[in-house]
Amino acid sequence: MNDYTKKQITEAVEIHKKTTAELQKNSIEIIAAAAEAIIKVLEQNGTIYLCGNGGSAADAQHIASEFVGRFRRERKALAAVALSTDTSILTSIANDYAYENVFARQVEALVREGDILWAFSTSGASASVTAAVRLAKEKGARVIAFTGQKNSELEKIADICFCADNKSTARSQEMHQLAYHIICDIVEYNFTEK
């Protein structure tokens, strides 16, 4: 192993450990609030819609699969839809309108008062995500945001925001995954027969 490789591995692990410690110190209440909001919506037969671009789109799909399928326990399927999965819808909206509308148009069609839009943007400024969030709020949905930069546009308009503030998008996304796995576990436990 060369020195560069060893340095990069060590540095990434150290930053990950530091960021995880910050999550544990500063974000337990936010994570709990997000889980409680999701439980309430699902108990009232609402739906969790999720959106994000790139790696955040993959996170949205990952969470939807945990809710509709299962995370760790057998229980009923939970209503969750990732707005990044239908390529025909995404490409037609991007082509006929603009890419900025790919999630907002779906929010217009699907999201109802009392639902949740769970929005991911590490920059907190993605135009397609913030457009969807604004429309969801107009329609009476609650918004959970996962960001990677403090005081972002998305953080300011969300009802609940988990910010994994880090210069590295990768480290922010790692904290997002840890936080949403915790949320999936808490939500699933609530719907598991005890």
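The legends below describe an overall view and several close-up views of a predicted model. Residues are numbered from 1 along each chain as its sequence is written, and side-chain values use heavy atoms, with hydrogens and water left out. Because the model is predicted, local features need pLDDT of at least 70 and side-chain atom pairs count only at pLDDT 80 or more, while totals for chains, interfaces and linings use all residues.

**View 1. The whole chain, with its 8 helices and 5 strands.** Helices (H or I, at least four residues) and strands (E, at least two) are DSSP runs, numbered from the N terminus, and in that direction the elements follow the order α-α-β-α-β-α-α-β-α-β-α-β-α. The radius of gyration, taken over C-alpha atoms, is compared with a globule rule of 2.2 Å times the number of residues to the power 0.38; for 194 residues a compact globule would come near 16 Å, and the 17 Å of the chain agrees with this. Along the principal axes, the C-alpha atoms fill a box of roughly 55 × 50 × 30 Å. Of the 194 residues, 44% are buried, where buried means under 20% relative accessible area, exposed over 50%, and partly exposed in between (1.4 Å probe, protein chains only). Contact means heavy atoms within 4.5 Å, and among contacts between residues at least 6 apart in sequence, 68% join residues at least 24 apart.

**View 2. The cysteines Cys 51 and Cys 163, in a structure with 0 disulfides.** A disulfide is a covalent bond between the sulfur atoms of two cysteines, and here the term is used for a pair of cysteine sulfur atoms within 2.5 Å. The cysteine sulfur closest to that of Cys 51 belongs to Cys 161 and lies 13 Å away, which is too far for a bond. For Cys 163 the closest cysteine sulfur is also in Cys 161, at 5.7 Å, and this too is too far for a bond. Cys 51 is buried, with a relative accessible area of 0%, and Cys 163 is likewise buried, at 14%.

**View 3. Ser 172 in helix 8 (residues 169-190).** With a relative accessible area of 1%, Ser 172 counts as buried. When residues up to four places away in sequence are not counted, Ser 172 touches Thr 122, Gly 148, Ala 164, Asp 165 and Asn 166. Thr 147 is 25 residues from Ser 172 in sequence, and the two are 7.8 Å apart in space, C-alpha to C-alpha.

**View 4. Ala 79 in the loop between helix 3 (55-68) and strand 2 (80-82).** Ala 79 is partly exposed, with a relative accessible area of 34%. Leaving aside residues up to four places away in sequence, Ala 79 touches Leu 42, Gly 46, Thr 47 and Ile 48. Leu 42 and Ala 79 are 37 residues apart along the chain, with 7.1 Å between their C-alpha atoms.

**View 5. Two loop residues, Asn 45 and Asn 151, with positive phi values.** Asn 45, in the loop between helix 2 (28-43) and strand 1 (48-51), has a phi near 65°, a positive value in a residue other than glycine. Asn 45 is exposed, with a relative accessible area of 70%. Asn 151, in the loop between strand 4 (142-147) and helix 7 (153-157), has a phi near 60°, which is again a positive value in a residue other than glycine. Asn 151 also counts as exposed, at 58% relative accessibility.
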